[in-house]
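Let's take a walk through this protein together, from its overall plan down to a few single residues. Please have the sequence and the model open side by side.

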Amino acid sequence: MKKLFLLVATILSISFTGCSKDDDNSSSASQHELILGSWRFSQEGSIINGQEVLDSYDNAAPQCGFDYVEFRSSSEIKEYIYDTDINSNCMNFLNSGNWSLSGTNQLSITFDSSTTINEILVLNQTTLKVKYASGGVARIIVFNKI
């Protein structure tokens, strides 16, 4: 009887300690970890009459590269914007600034002493979707992880 009890206790302890939800990456990864890396501009739009209206992001010079932002672990952000000059030569504009997360859904981005407060609507391993106010209008930008 003792051997049977010991066997059942061993099996139960292994089953409770040996398993975990390893496939639920989104809940185990923190917002800070998820946002790190490079994100390509995908869609942009606004909220009109309570509805999101999104269009594809308009890259000024897709033949030169796609616009993207890079969130670094040092709280530095770099924004890469591609365009062409009057002779159709490719140019890359680089903006550097800082970013921070606060609360569960607030992303602050500062470029040249100007800070934008963004509400994070979606943040997972593939998509970052933020909302911010610009000129009294609620604007939305969607990024895809590169």
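A residue counts as buried under 20% relative accessible area, as exposed over 50%, and as partly exposed in between, using a 1.4 Å probe and the protein chains only. With that in hand, Ser-88 is exposed, at a relative accessible area of 56%.

A word on the source: this is a predicted model, in which local features need pLDDT of at least 70 and side-chain atom pairs count only at pLDDT 80 or more, while totals for chains, interfaces and linings use all residues. Residues are numbered from 1 along each chain as its sequence is written, and side-chain values use heavy atoms, with hydrogens and water left out.

**Overall plan**

The protein has three helices and nine strands, where helices (H or I, at least four residues) and strands (E, at least two) are DSSP runs numbered from the N terminus. Along the sequence they follow the order α-α-α-β-β-β-β-β-β-β-β-β. Of the 146 residues, 25% are buried. The exposed surface comes to about 9600 Å², with 52% of it supplied by carbon and sulfur atoms; this area comes from the Shrake-Rupley method with a 1.4 Å probe.

**The cores**

A nonpolar core is a set of buried Ala, Val, Leu, Ile, Met, Phe, Trp, Tyr and Cys residues joined through side-chain atoms within 4.5 Å. The largest one here holds 17 residues, and Ile-35, Trp-39, Phe-71, Leu-107, Leu-128 and Phe-143 have the most contacts inside it. Elements that give two or more residues to this core include α3 (31–35), β1 (37–48) and β9 (137–145). A second, separate core has five residues, among them Ala-61, Cys-64, Tyr-80 and Tyr-82.

What does Leu-128 touch, leaving aside its neighbours within four places in sequence? Taking contact to mean heavy atoms within 4.5 Å, its partners include Ile-35, Trp-39, Phe-71, Ile-120 and Phe-143.

**Strand pairing**

Two strands pair if DSSP finds at least two bridges between them. β7 and β8 run antiparallel and are joined by four bridges, with a hairpin of three residues linking them. In this region Leu-123 stands opposite Leu-128 of β8. β8 also pairs with β9 in the antiparallel sense, over eight bridges. Ser-134 has Val-137 in β9 as its bridge partner. The hairpin of β8 and β9 has two residues between the strands, and Gly-135 there takes a positive phi near 60°.

**A few residues to look at**

Three serines and one aspartate are set side by side here by place and accessibility.

| Residue | Place | Relative accessible area |
|---|---|---|
| Ser-75 | loop between β3 and β4 | 29%, partly exposed |
| Ser-88 | loop between β4 and β5 | 56%, exposed |
| Ser-108 | strand β6 | 13%, buried |
| Asp-67 | loop between β2 and β3 | 2%, buried |

Ser-75 has a positive phi of about 70° although it is not a glycine. Ser-88, also not a glycine, has a positive phi of about 65°.

Why does Asp-67 count as buried? Its relative accessible area is 2%, so Asp-67 falls under the 20% limit. Beyond its neighbours within four places in sequence, Asp-67 is in contact with residues including Arg-40, Phe-41, Tyr-57 and Asn-59. Its C-alpha is 4.7 Å from that of Ile-81, and the two are 14 residues apart in sequence.

Ser-108, leaving aside neighbours within four places, is in contact with Asn-98, Trp-99, Ser-100, Thr-115, Thr-116 and Ile-117.
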